[in-house]
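Got a new structure open and not sure how to read it? Let's take it step by step.

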Protein chains: 4
Amino acid sequence: MRKSSTATEGRPYEAHRERQRRRILEAAERLFDERGMDRATMAEITAASGVRASTVYQYFSNKDEIVWAILEGVFAEAAARMKAATEGAETALGKITALVDVMAEDLARRRATVRFMAQFDAMYAREWPAERLIAIEARISKRGFAEFRKLIRAGIADGSLRRDLDPNLTMHAVMNALIGAQRRLASLGNRVEKEYGKPVDELFREASRVILLGLRAETREK
Amino acid sequence: MRKSSTATEGRPYEAHRERQRRRILEAAERLFDERGMDRATMAEITAASGVRASTVYQYFSNKDEIVWAILEGVFAEAAARMKAATEGAETALGKITALVDVMAEDLARRRATVRFMAQFDAMYAREWPAERLIAIEARISKRGFAEFRKLIRAGIADGSLRRDLDPNLTMHAVMNALIGAQRRLASLGNRVEKEYGKPVDELFREASRVILLGLRAETREK
Amino acid sequence: MRKSSTATEGRPYEAHRERQRRRILEAAERLFDERGMDRATMAEITAASGVRASTVYQYFSNKDEIVWAILEGVFAEAAARMKAATEGAETALGKITALVDVMAEDLARRRATVRFMAQFDAMYAREWPAERLIAIEARISKRGFAEFRKLIRAGIADGSLRRDLDPNLTMHAVMNALIGAQRRLASLGNRVEKEYGKPVDELFREASRVILLGLRAETREK
Amino acid sequence: MRKSSTATEGRPYEAHRERQRRRILEAAERLFDERGMDRATMAEITAASGVRASTVYQYFSNKDEIVWAILEGVFAEAAARMKAATEGAETALGKITALVDVMAEDLARRRATVRFMAQFDAMYAREWPAERLIAIEARISKRGFAEFRKLIRAGIADGSLRRDLDPNLTMHAVMNALIGAQRRLASLGNRVEKEYGKPVDELFREASRVILLGLRAETREK
DNA sequence: AATGAATGAGACTTCATTCAT
DNA sequence: GATGAATGAAGTCTCATTCAT
């Protein structure tokens, strides 16, 4: 009726809510990484985010919903970064190289995030609503992957890629190998580095280099 | 395996114990694959193996011990297969190719086993006695991996591999990419096949082909 | 293998299990009555039965299953008692009178049980697997209720009931009224008795008397 | 209802408050019926009434208070209807018949309300402030029930009822049976109708008919 | 050697209610 | 007067494991 005390309402609440939401998500993301998505408990998330258990449920109706929320954020960011990276390149090989660079950088600088994604790979094997993930993927990177598929054909056309690659198969195969390599290295991370004394992204870059060598059209002169 | 404490009992006992052990391990392996190592419960394993819960503890002191036992078996087999495969080949490239073949075949024919291993990758990130796994690895494929490391140098020497590969880095990087690709495909398996209509091992073979192309010394003629 | 220590196993365990089961059911039945089926908590039931919470779940997979188990027992007993009572009577009116007597006695001596059943009446209104109850009913009193339906026709034939009763309707209507009266009195029980100073079964008997008077064929002489 | 504290505010406020109150009560009544008084949550009531949870507490200090408020309304209405119905009749039997008619009509047309009341019957058994209900009853139908008690004596006097009825007992007994029958049928409602294809009020009317036959003085002629 | 019984520790979630704005 | 946020207290159920027989 009277708008007296209500004028300033909308905004501040919204801001507060968003902040709380973030705190929960950040705590969760860290714990999911440290302890694994299955093993991290609501109690831990709660304790880490400084919010009481019952309060968390005012923000997310489920432990699962927290996972999905994180996933969505990660996806959106990744898609944006990939798009930006590939846009600059001219040849197909250049685009692929740019892609690989983004992945290497993610491995170096956002390792926790890559590890988070790594947990999903093994989950695909199980009864798990992968459809929902695919839906998110679809929503966020509308044509993203569709475009990847065209890269091989484009690369053969522009002369940057070998002629004997299979437009329908190679890109998929290579992307899978790169993602598999990246995620595995993110997970093995510290252990590998302790053992071999080299940062894992160096390993990833070397593998990428080999793959790119394998994709590239034979240099004529030499 | 060891015959140590069996002197007190007749053969039949030992045979019986071994049979029971196997039943438990087989049930566990299946469930670990179907439901995930964390989610599969002791109750499920016992139900599936036909042994009562409390009896299982006469064979394995832990759920973890079951995991380790399976792991050990898987490892031993894998090492043997790899050794056999590489022995035939002459050049380093030939050996690597043979290795890749074994991996592709495992993906096609022992996918559950590959998936089982895939679960460990994500676990490396967590507090988890990886040392124990490394110990097993060491015991079983004593020089296995050590030998892999020498492959690059050997390949450069025998002229089958590019000269600009890094003896200390490349093999590691490539092996990681191959394993990452293989395990990821094993996990995504059915989903991918349903979507693209191609068996995943074909994708693996294509990725391997590219990698091998990248490793191979430039063909002189041309 | 050796049956040494196993010979005496089967029986004692079974007996123990049955005893425990009973303890739980008895505790639950009492609490369901005292506090209501919804309000009685598992914690209360376990405390009252002297068994730990997790142990209860070895006997009943659910709180609901406890309810069903009690229900089944109550039903079986009630059906047996009704059958025994009606068997003695000759005329239809006699059978109905016998039935009413059993109900009055239940109200006097097994009031808690009647109250337990009373809780279900209100639940029928809600989403609730009444089918399961009907299934139990069917299993236990196979023809029980079917036979009731025939009573009116039989009573008209044998001259003990009014001729203008509706064979398809009256028995149902009357049984419902009797059960409704009985269960309501069981629930209101103590309160009514405190207020009016009369045991509730007397009220039930008076209502029954009126009903039976209403059913009975007009006495010819007069 | 009382105008006490309303002097400070203008009319509109009072009207608004009354409207809000109604919305809450109506939503609650519906939910109490659909889900049961125990199971219906504040959140549901809140959502259904369009008022925010915390606002509800400006109108009712408790979930219980909502129940009581509904109860009071239901009682007042019922009492008024009964009074109106009985006033027209001349003989005691006529009054009772009128009463029964009201009950049958309520069952047909206000079934939700009857079901609401039915929930209280089972609750009487429990620790529950029945005194408060009795107080409401007293306030609303001051002499209501007191008068019922006189009906039997009146009926014997005016020749409409059997002489062998007990003035202190029968009316109570019969009223209980009627209420028990009515409420039980209201609760079983749809289930019974689906099964037997007859509306439940027909069953109630048949039971009432039998009861009235049982109460009525023997017709001399015939 | 096998197993029935028992259980501590904890997981996730719900809900009526309060409080500051 | 209205409401967003917060929460204590509880509730149901699960699970790996132990122990006595």
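What follows is a chat between a learner and a teacher.

Q: What kind of model is this, and how are things numbered?

A: This is a predicted model, where local features need pLDDT of at least 70 and side-chain atom pairs count only at pLDDT 80 or more, while totals for chains, interfaces and linings use all residues. Residues are numbered from 1 along each chain as its sequence is written, and chains are lettered from A and ligands numbered from 1 in the order in which they are written.

Q: How many helices and strands does chain A have?

A: Helices (H or I, at least four residues) and strands (E, at least two) are DSSP runs, numbered from the N terminus. Chain A comes to 10 helices and 0 strands, so read along the sequence you get α-α-α-α-α-α-α-α-α-α. Its C-alpha trace spans about 80 × 50 × 30 Å along the principal axes.

Q: How much of chain A is buried?

A: Call a residue buried if 20 or more other C-beta atoms lie within 10 Å of its own, exposed if 12 or fewer, and partly exposed in between, with C-beta atoms placed from the backbone. In chain A, 32% of the 222 residues count as buried.

Q: Which domains does chain A have?

A: Domain bounds come from an automatic or database domain assignment. For chain A, that assignment gives domain 1 (1-61) and domain 2 (62-215). Their centres, taken over C-alpha atoms, are separated by 30 Å.

Q: And how many residues of domain 1 of chain A are in contact with domain 2?

A: Two residues are in contact if their C-beta atoms, placed from the backbone, lie within 7 Å. Here 11 residues of domain 1 of chain A are in contact with 11 residues of domain 2. H1(A) gives the largest share of the domain 1 side, 6 residues.

Q: How is chain D related to chain C?

A: Two copies of a chain are related by a rotation about an axis and a shift along it. The copies are superposed by least squares on the C-alpha atoms of residues with pLDDT of at least 70 in both. For chain D on chain C, the rotation is 179° with 0.0 Å of shift along the axis (RMSD 0.2 Å). That is the relation of a two-fold axis. The same surface serves both copies, as 98% of the contact residues of chain D recur in chain C.

Q: Which helix gives the largest share of the chain D side?

A: The contact takes 41 residues from chain D and 43 residues from chain C. On the chain D side, H9(D) has the largest share, 16 residues. By class, that side divides into 19 nonpolar, 9 polar and 13 charged residues. Ala, Val, Leu, Ile, Met, Phe, Trp, Tyr, Cys and Pro count as nonpolar, Asp, Glu, Lys and Arg as charged, and the others, Gly among them, as polar.

Q: What about chains B and A: how many residues does each give to the contact?

A: There, 42 residues come from chain B and 43 residues from chain A. H9(B) gives the most to the chain B side, with 16 residues.

Q: Which residues come nearest to DNA strand E?

A: A residue is near a strand if its C-beta atom, placed from the backbone, lies within 6 Å of it. DNA strand E has 35 residues around it, and A:Thr41, A:Met42, B:Ser54, C:Ser54 and D:Met42 come nearest. That surface has 13 nonpolar, 17 polar and 5 charged residues.

Q: And which come nearest to DNA strand F?

A: Of the 36 residues around DNA strand F, the nearest are A:Ser54, B:Met42, C:Met42, C:Ser54 and D:Ser54.
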